[in-house]
Amino acid sequence: MQQYFVKGEAISPVTIEDKDTIKHMFQVMRLAKDDQVVLVFDDGVKRLARVVNEAEYRFELLEDLPDQVELPVNVTIACGFPKGDKLEFLAQKTTELGASQLWAFPADWSVVKWDGKKIVKKVEKLQKIVLGAAEQSKRNKVPEVKLFPSKQDFLVTLDSFDRILIAYEESAKKGERATLVEVLSSLSGGEKILFIFGPEGGLSSDEVAQFEAKGGRKVGLGPRIMRAETAPLYGLSAVSFALEMQQ
């Protein structure tokens, strides 16, 4: 059954106002009177809804659904600005794997340089990707996308997290494998976790020191060195395995 995110409160009847959602519902999927879909509002609750007037894009809410697929912890993925379309790839895949937020910042070794206008356009594109991925993967929430214009803007946000994990290539090279296991085994529901990943080439030692000063801990992600767009998926998969698959 098709799922759509709708901004606002769940008050029946509901009139869909977003043009892209209307197009997909009534032109692509050709919804007609009495067809049913799942609508998810700002509260993250999935609700079964029935078309009552396709000309006016109006739905009746039938019942709340118990389906809850969010990770038990809030995981933010933060990456140094990568090259090409890697952020687009990460927007889709980290959403499917349960990330609550996708952030990116200009790291010391980021090759790309984005000004304010480029960042605004990039965020708009990523938000559309995240929305589509959240609908496809039946999420209860749409992840937030944020691109920081400077590393300092990113650094001031670190105090809001319960745990900060720094995926550091040098730790992996030295065979460090215990910290990630230790952290994942001690997590409690509702905690806010920040995973920091570098761009191509990784994080500089100065950056790592800055993140450590904010309470970050260096973690290795196994014996193999992963690409910038692969490591965040490993981190999210590890969280899911530790908290969702071993209960």
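## Exercises on the strands of a predicted model

In this predicted model, six bridges join strand E6 to strand E10 (residues 192-197), and these two strands run parallel.

**Exercise 1.** Describe the surroundings of strand E6, starting from its pairing with E10.

*Solution.* Begin with a residue pair: on the E10 side, threonine 76 stands opposite leucine 194. Next, turn to strand E7 (residues 101-105), which is joined to E6 by five bridges and runs parallel to E6; here isoleucine 77 stands opposite leucine 102. Then follow the chain from E6 to E7, which passes through helix H2 (residues 86-96) in a right-handed β-α-β crossover. Finally, consider how covered the strand is: E6 spans residues 74-80, and six of its seven residues are buried, that is, under 20% relative accessible area.

**Exercise 2.** Work out which strands stand at the edges of the five-stranded open sheet, and why one side of each lacks a neighbour in the sheet.

*Solution.* First, write down the strand order, which is E1-E3-E4-E5-E2, with mixed pairing. Strand E1 (3-5) and strand E2 (14-15) stand at the edges, and each has a single partner strand, so one side of each is left without a neighbour in the sheet. For E2, look at strand E5 (residues 58-65), to which E2 is joined by two bridges, the two strands running antiparallel; within this pairing, valine 14 has phenylalanine 59 of E5 as its bridge partner.

**Exercise 3.** Find which strands helix H1 lies across.

*Solution.* Helix H1 (residues 19-28) lies across E1, strand E3 (36-40), strand E4 (46-53) and E5. To add its direction, compare the helix with E1, to which H1 runs at about 160°.

Definitions and conventions:
Residues numbered from 1 in each chain as written. Predicted model: local features only at pLDDT ≥ 70, side-chain atom pairs only at ≥ 80, totals over all residues. Heavy atoms only, no water. Buried < 20%, exposed > 50% of the residue type's maximum accessible area, 1.4 Å probe, protein only. Helix = DSSP H or I, 4+ residues; strand = E, 2+ residues; numbered from the N terminus. Pairing = 2+ DSSP bridges. Right-handed = clockwise from strand over helix to strand, strands pointing away. Contact = heavy atoms within 4.5 Å. Axes fitted to C-alpha atoms, helices over the stretch in contact; angles between N-to-C directions.
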